[in-house]
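Trainee: Hi! Could you walk me through this one? I'd like to start with the basics.

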Amino acid sequence: MPELPEVETIARELRPDLVGRTILDVSFDWPNQIKHPRPADFAAALRGREVLSVDRRAKWVVAALGPAVDGGEPAVLAIQVKMTGQLDVVSPDAPRDKHIHVVMPLDDGRELRLRDTRKFGRLAVYGPAQADEVLGGLGPEPLSDEFTLADFRRILRRRKGRLKTLLMNQEFLAGVGNIYADEALWRARLHPLRSGAGLRPDQERLLYGSLRDVLNEAINRRGSSVDSYRAPSGAGEMQNFLNVYGRTGKPCPRCGHATRRIVIGARSTHFCSFCQRLPVRDRSEAAAKILSSIT
DNA sequence: CATTACCTGCAA
DNA sequence: TTGCAGGTAATG
């Protein structure tokens, strides 16, 4: 699932159900999903800790936890839902299916569940210093007040490489994935194969604004339920307002020309064949790429 | 840089 | 049966 708006929605909706609760225990049936500490030590790292806050960093749900019952330092529970993970707080009596892989009973009689068809989701419990280390390597949060146009220009000009690849690079910018990279580029009328370093100042400003606008709009609509993504409260609405993603062959809402799909960095990429034209000097480089991908 | 691995399900 | 899926990590 989940890019920034989807994970933000999950964190917001889990917050009232988790903050103030104590995690009594944890069970899991797919040890590969436990990233840290070792699966055998995972339950002990979590047991008896109170949830102090629930937030999002990049595409992680991050819960600050109080000290364990026997004292010691606080901890951080970090959950990455990746493609198909769904988090929910429910009664133990709620129906279960074979895709529920992690269950954490809480002190109010309910339980936090991770349902994850493809088992790509990951959970980790870190000490405070270790959490800073892991999450600190990620790029800036595009929606934070501290992330200014000047900051965006600075990081953009430092990088070579295609805009699409750059926007999805989590060390460049945190939280943007395949859907919102395509949508932001469409709004900014920029071809995904263009180099980030070659933009005019007005194009840089437009892309900065487009990114923040599309991410904010998607949060307001509680994310895009294109496939299996569900917030705790159910499907989002943003899938109904996407302009290019998943619309291959359909007319561009802005100009009516066909939406195209190409592959960049092994990810499908959607753009308008007319409003997102490449500047002439970039075309020969991109031509082979476009011709080699069907449609 | 590109490819493969991690997993399952679904639609063409 | 093949190809594809919102994400990363680990390989050539």
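Mentor: Happy to! One term before we begin: helices and strands here are DSSP runs, numbered from the N terminus, and a strand has at least two residues. Keep in mind, too, that this is a predicted model.

Trainee: Got it. So where is Arg-56 found?

Mentor: Arg-56 sits in strand E4, which covers residues 49–57.

Trainee: And is Arg-56 buried or exposed?

Mentor: Arg-56 is buried, because its relative accessible area is 16% and the cut-off for buried is under 20%.

Trainee: OK, what does the side chain of Arg-56 make a polar contact with?

Mentor: The partner is the side chain of Glu-8, at 2.8 Å. The Arg-56 side chain also reaches a backbone atom, the oxygen of Ala-58, at 3.0 Å.

Trainee: Which residues is Arg-56 in contact with, leaving aside neighbours within four places in sequence?

Mentor: Those are Leu-4, Val-7, Glu-8, Ala-11 and Glu-141. You'll recognise Glu-8 from the polar contact we just discussed.

Trainee: Let's switch to the DNA. Which residues are around DNA strand B?

Mentor: Trp-30, Asn-32, Lys-98, His-99, Thr-117, Arg-118, Lys-119, Phe-120 and Arg-162. Of the strand B atoms that come within 4 Å of the protein, sugar and phosphate account for 62%.

Trainee: How do those residues divide into nonpolar, polar and charged?

Mentor: Near DNA strand B there are two nonpolar, three polar and four charged residues.

Trainee: And what does the side chain of Arg-118 come up against in DNA strand B?

Mentor: A base oxygen, 2.6 Å from an N or O atom of the Arg-118 side chain. With Trp-30, a polar side-chain atom lies 2.9 Å from a phosphate oxygen of strand B, and for Lys-119 the phosphate distance is 2.8 Å.

Trainee: Now the other strand. Which residues come nearest to DNA strand C?

Mentor: There are 24 residues around DNA strand C, and Lys-59, Asp-227, Ser-228, Tyr-229 and Tyr-245 come nearest. Here sugar and phosphate make up 52% of the strand C atoms within 4 Å of the protein.

Trainee: How far is Tyr-245 from a phosphate oxygen there?

Mentor: A polar side-chain atom of Tyr-245 lies 2.4 Å from a phosphate oxygen of DNA strand C. Arg-261 also places a polar side-chain atom 3.2 Å from a phosphate oxygen of that strand. Asn-178 uses a backbone N or O atom instead, at 3.3 Å.

Trainee: Which elements give two or more residues to that surface?

Mentor: Helix H6 (178–187) and strand E12 (267–272). By class, the surface near strand C has nine nonpolar, seven polar and eight charged residues.

Note on methods: Residues numbered from 1 in each chain as written. Chains lettered and ligands numbered in written order. Predicted model: local features only at pLDDT ≥ 70, side-chain atom pairs only at ≥ 80, totals over all residues. Heavy atoms only, no water. Near = heavy atom within 4 Å. Polar contact = N/O pair within 3.5 Å; in protein donor to acceptor, adjacent residues only side chain to side chain. Helix = DSSP H or I, 4+ residues; strand = E, 2+ residues; numbered from the N terminus. Nonpolar A, V, L, I, M, F, W, Y, C, P; charged D, E, K, R; others polar. Buried < 20%, exposed > 50% of the residue type's maximum accessible area, 1.4 Å probe, protein only. Contact = heavy atoms within 4.5 Å.
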